[in-house]
Amino acid sequence: MTARPTWSQRFRITSDIIHVGALIVAALSTLIVTGATAQTITAIGIGGVGVAIALVTQIPFTHGSRRGPVAVGTGIVLYTLTIAITDGLTSSFVVLPVAAIFLAAAGGGLRVAGPAALGAIAGVLAIGASSPTNGTVDIVRVSAIYALTAIAFSEVQRAITVESKRTAHLLLATGAARSRTEKLTETHDLLEDLVTVATYPDINAVATAQDALRDVGVVAPDASARIVADGDVVLARRGTDHQGSPDTVVPITWEGRQLARLELWGGRIPLSPAETAALTQTIEPVGLAIDNDLLLQRVAGITIQRERVRLARELHDNIAPSVASVGLALDMVLMSGNLSTEQMRNLEATRSVVTRLVDTIRDRVQDLRADRTLSILEMAHSLVAEVDADGPTVVVDIEERTPPRPAIAVEIGALLTESFRNAVTHADASIITVTGRISEAGGSLTIKDNGKGFEATSASEGRFGLLGMGERAKLIGAELTIESTQQNGTIVTMTWKDD
């Protein structure tokens, strides 16, 4: 299917037709009236040069380039010369400047067509002044034609340009809407498939682990076994002898990440390489199933976070202002002075409750807008997972009854991470202990290592990590203490209240 020409292509074609047509009409008319005189032949040649220049001039004119205006100006001069050497303002060649003015309007609008028309009118005035046969009426008539041509064609060009830009913007908007619709449709289809797959009872991690253990029974029929996910969550078990350390542990991985493990007790140990390979292949789907469950948790987490943000916006935009207005009304009543002592006392108590309520709403908005974070205990275990096998021994003893509010948990987690990684990276410690007690009212954490330590009195100089820890502690009103001496390890303690 052939694409429709653009407005600039249409103007290009029209300009070519006008120039060639005007030259042909002028030449034929003059030849019929005067014959093939030297002046006529010369005028046709000069006009042909002007037309040739017009035919190779690009439309629209390049912004900032002089090529288009120079071509128009050259054409005006050549066409004026053809008029002068033929019959003056009664010559048929007076139509040629009209073509040049059209080219100027199509290529650059009134900005170029206006000067072109003025140049053509100047030529008319010069011709009229030099020849007594050209009357005032002819001068006015031809000048008016040139001026009106410039104005009319420039307005047409402007209207078409504006409409073209509007059409282009509409096409962009329509294309963007179509693209969004396509993406949303793809997302909708994916979510429908996800819901369908997620509700299958036989592909979750537990069902997959149970199926895998039945296959394990074929490879190692006389062994007790269980599959344990990270966090010591038992997904499936087979047999009864699960006491003590397992005789064989086979990691369950997916895409290079260990997500669970197969533990075996008794049976014919050790297994042959072929049996171990068969076990690994048998339990591989468990890793994929666990990863699928993690992906579903991420999708659910995104949905939950969006709902949290919506609730935060509702609290901030509607509920909080309403409660604040109640407090303002109470302040105005208290300031009136027309109250008894008992009334003043009751209203002041009510005003205090309203103030605490506003502060609570503000905290909850902050919590809802905060990114979802793991509990402090989960953070500690995730940090332990980063330690290499040849790294220090890490002991985690955290009693976490209730995780801190998200706004506080972010900073506590950052302090814990900085302290722990400093101990692992810089302390050369062999033992690191992380202890703490966390409840709804607040908590405390202690990170202790037996490393080389440092002089706490000079800790601030060049230790921007410690300075950052102090700044984070101040943000949530926590108390941070760092005790360290050379060769005696370091103790970092943070205490906070969850007001």
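This is a selection-by-selection tour of one predicted model.

Residues are numbered from 1 along each chain as its sequence is written. Because the model is predicted, local features need pLDDT of at least 70 and side-chain atom pairs count only at pLDDT 80 or more, while totals for chains, interfaces and linings use all residues; side-chain values use heavy atoms, with hydrogens and water left out.

**Stop 1: helix α1**

Select residues 7-34, which make up helix α1. Helices here are DSSP runs of H or I with at least four residues, strands are runs of E with at least two, and both are numbered from the N terminus. The expected span of a helix is 1.5 Å times one less than its number of residues. For the 28 residues of α1 that gives 40 Å, and the end C-alpha atoms are 40 Å apart, in agreement. Past the helix comes G35, with a positive phi near 85°.

Colour α1 by accessibility next. Buried means under 20% relative accessible area, exposed means over 50%, and partly exposed lies in between (1.4 Å probe, protein chains only). The buried residues of α1 include F11, R12, H19 and L23.

Now pick D16, also in α1. D16 is partly exposed, at 21% relative accessibility. Its side chain makes a polar contact of 2.6 Å with the side chain of R12. A polar contact is a pair of N or O atoms within 3.5 Å; within protein, one must be able to donate a hydrogen and the other to accept it, and residues adjacent in sequence count only if both atoms are side-chain atoms. Add V56 to the selection: its C-alpha atom is 9.4 Å from that of D16, although the two residues are 40 apart along the chain.

**Stop 2: the aromatic cluster**

Select F11, F102 and F153, which form one aromatic cluster. Rings of Phe, Tyr and Trp (its six-membered ring) pair if their centres lie within 6.5 Å; planes under 30 degrees apart count as stacked, over 60 as edge-to-face and the rest as tilted. The count by this rule is 2 aromatic pairs. F11 and F102 are edge-to-face, at 6.0 Å centre to centre with 80° between the planes. This pair links helix α1 to helix α4 (residues 96-108) across 91 residues. F102 and F153 have ring centres 4.7 Å apart and planes at 90°, so they too are edge-to-face. Here the link runs from α4 to helix α6 (residues 136-198), 51 residues apart.

Which of these rings are buried? F11 and F102 are, the latter with a relative accessible area of 5%. F153 is partly exposed, at 28%.

**Stop 3: the nonpolar cores**

A nonpolar core is a set of buried Ala, Val, Leu, Ile, Met, Phe, Trp, Tyr and Cys residues joined through side-chain atoms within 4.5 Å. Select V72, F93, I101 and Y146: they touch the most other members of the largest core, which has 36 residues. Helices α1, α2 (38-55), α3 (67-85), α4, α5 (110-130) and α6 each supply at least two of its residues.

Move on to L383, A429, I432 and A473, which belong to a second, separate core of 29 residues.

**Stop 4: three strands**

Select strand β6 (residues 431-439) and strand β7 (residues 442-449), which pair in the antiparallel sense over 8 bridges. Two strands pair if DSSP finds at least two bridges between them. A hairpin through 2 residues joins β6 to β7. To follow one bridge, select G436 and its partner in β7, L445.

Finish by adding strand β9 (residues 490-497), which pairs with β7, again antiparallel over 8 bridges. T446 has T493 of β9 as its bridge partner.
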